[in-house]
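Biologist: I should like to go through this model and ask, term by term, what justifies each description. Please show the structure before we begin.

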Amino acid sequence: MAFIKPFKAVRPKKELAEKVAALPYDVMNTDEAIEMASGNAVSFLHISRPEIDLPRDIDVHSDPVYVKGRDNLAKFLAEGVLLQDETERYYVYRQKMGNITQTGLVVCAGVDDYQSGTIKKHELTRADKEEDRVKHIDALNANDEPVFYTYRNDPALTAIIDQVTKAAPLYDFTTDDGVSHALWDIADPKLIDSLTKSFAAIPTLYVADGHHRSAAASRVRDLRKDANPKHSGSEEYNYFLTVIFPDNEMTIMPYNRVVKDLNGRSVAEFMARVGERFEVTPVAGAVNPEERHQFGMYLGGKWYVLTPREDSFPENDPVASMDVSILQDNLLSPVLGVRNPRTDQRIHFVGGIRGVEELERVVNSGEYMVAFSLFPTSIEELMALADEDKIMPPKSTWFEPKLRSGLFIHLLD
């Protein structure tokens, strides 16, 4: 059963919340982080991307970067930019983006649940990215950015959370991208106990976004457990920061692909090879696939619809029949030579929030040669695969809206 616990959040002073809040560390590079934090001394990027306050040529994975993040967190606390609640609480975090509304419960989840499989994963982690998060969390002595989890909707839980949101929120603001953010706290011990018991009846939580943060929290716990001869299992480092949303409110967008070259082939040779596994139909405008097993391809200023031929994939294999697998196994690997999309520098992944216009832009710029638009993976696919302990191909999902960092932090002691 899923164990959750309340915690004493470190969070922004009310009038600074909008300025503190920042996009997650992993949706930007250093240059973009510098630009986003420009002129904003209280942006949370000074903590989540602390290299922005150091010389531009510094190795972002070097010790001075992690130390700077720790120092910046201490500075924000000392100056009153961030304050810690005096009692353990749950929090409710609501985001609205256009016609999308998602309302999640902010909690601490248990490392034991992660390690036992009660919290189910669907992606592999990269060793370098996981190590970076271990060093970052350990240096800060905090989970500074939440993991994004989901669960199968429970109407009773939804009713409790909806009741909480009838009160005035602690924060309520809209960011430059048009997404609104509101936060409530739950301090009533009876309500806290009711939520804890309700989640204890939920058999499984699922990682939606944040596999590296989850894995890193697990490793940090083990490091601290080994170093603590008086370890009891109740220490704060046994838990990590999560926001848990019901599955019926989750929105997954496609994770599109662009490739730098045609693997030494001419356009004619490339098109001939693609035609062996796909029906290729030229179309007049940009392609946003409207159903599974349909792809868009942008090449040479023209769009095409690609439909996989019947013998190109096993329909009864839940992983091999995913659209990201079909594209990888029938085109990206055999035709374009992208054998390992996790490490190949010739491929780049474009979140669906950027639209097909971004695909056209990067191809038209000459930086990339060909682009592919996909139909999004469903939340049902994700949970079904996770239930079978299967692993999705890399970059299978792009969740929106993204959780803002800096609105709540969990200290490890």
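Biologist: Which residues does proline 394 touch, leaving out those up to four places away in sequence?

Modeller: In this predicted model, proline 394 touches Arg257, Pro341 and Arg342. Proline 394 is placed in the loop between α13 (379-387) and β20 (398-399).

Biologist: Why is proline 394 called buried or exposed?

Modeller: The relative accessibility of proline 394 is 15%, and buried means under 20%. Proline 394 therefore counts as buried.

Biologist: What makes lysine 395 notable in its backbone, and how is its accessibility classed?

Modeller: Lysine 395 has a positive phi of about 55° although it is not a glycine. Most residues other than glycine have a negative phi. Lysine 395 lies in the loop between α13 and β20. Its relative accessibility is 29%, and the class between 20% and 50% is partly exposed; lysine 395 therefore counts as partly exposed.

Biologist: Where is histidine 293, and why is it called buried or exposed?

Modeller: Histidine 293 is in the loop between β15 (278-283) and β16 (295-299). At 15% relative accessibility it is below the limit of 20%, and so histidine 293 counts as buried. Histidine 293 also has a positive phi, of about 65°, although it is not a glycine.

Biologist: What is the form of the peptide bond from glutamate 400 to proline 401, cis or trans?

Modeller: That bond is cis, with omega near -5°. Most peptide bonds are trans. Proline 401 is placed in the loop between β20 and β21 (410-411).

Biologist: Let us turn to the helices. How does the reach of α6 stand against the expected value?

Modeller: Helix α6 (residues 127-140) has 14 residues and reaches 20 Å from its first C-alpha to its last. This is close to the 20 Å expected at 1.5 Å a residue. Just after α6, asparagine 141 takes a positive phi of about 60°.

Biologist: Which residues of α6 are buried, and what covers them?

Modeller: The buried residues of α6 are Glu130, Asp132, Arg133, Val134, His136, Ile137 and Leu140. Their cover includes α3 (45-48), α4 (63-78), β7 (142-143) and α9 (211-227).

Biologist: Why are α6 and α9 called oblique to each other?

Modeller: Their axes cross at roughly 55° and come within 8 Å. An angle under 35 degrees would count as roughly parallel, and one of 65 to 115 as roughly perpendicular. The angle falls in neither class, and α6 and α9 are therefore oblique to each other. In this crossing, which is right-handed, α6 passes α9.

Biologist: What makes the contact of α6 with α9, by class of residue?

Modeller: The contact has seven nonpolar, one polar and eight charged residues. Among them are Lys129, Glu130 and Arg133 of α6 and Ala216, Val220 and Arg224 of α9.

Biologist: Serine 218 lies in helix α9. How do you know whether serine 218 is buried or exposed?

Modeller: Serine 218 has a relative accessible area of 7%, and buried means under 20%; serine 218 is therefore buried. Leaving aside neighbours within four places in sequence, serine 218 is in contact with Val111, Tyr114 and Gln115.

Biologist: How do α4 and α6 pack, and which residues meet there?

Modeller: α4 and α6 pack at an angle of about 35°, with their axes 8 Å apart. Their crossing is right-handed. Tyr66, Gly69, Arg70 and Leu73 in α4 meet Asp132, Lys135, His136, Ala139 and Leu140 in α6. The residues of this contact divide into four nonpolar, two polar and three charged.

Biologist: Finally, why are α7 and α8 called roughly antiparallel?

Modeller: Helix α7 (residues 155-164) and helix α8 (residues 189-200) pack at an angle of about 150°, with their axes 10 Å apart. Angles over 145 degrees count as roughly antiparallel, and α7 and α8 are therefore roughly antiparallel to each other. α7 passes α8 in a left-handed crossing. The contact is made by Leu157, Ile160 and Val164 of α7 together with Leu191, Ser194, Leu195, Ser198 and Phe199 of α8. By class, this contact has six nonpolar, two polar and no charged residues.

Key:
Residues numbered from 1 in each chain as written. Predicted model: local features only at pLDDT ≥ 70, side-chain atom pairs only at ≥ 80, totals over all residues. Heavy atoms only, no water. Helix = DSSP H or I, 4+ residues; strand = E, 2+ residues; numbered from the N terminus. Expected span 1.5 Å × (residues − 1). Buried < 20%, exposed > 50% of the residue type's maximum accessible area, 1.4 Å probe, protein only. Contact = heavy atoms within 4.5 Å. Axes fitted to C-alpha atoms, helices over the stretch in contact; angles between N-to-C directions. Left-handed = near helix turned anticlockwise from the far one by under 90°. Nonpolar A, V, L, I, M, F, W, Y, C, P; charged D, E, K, R; others polar.
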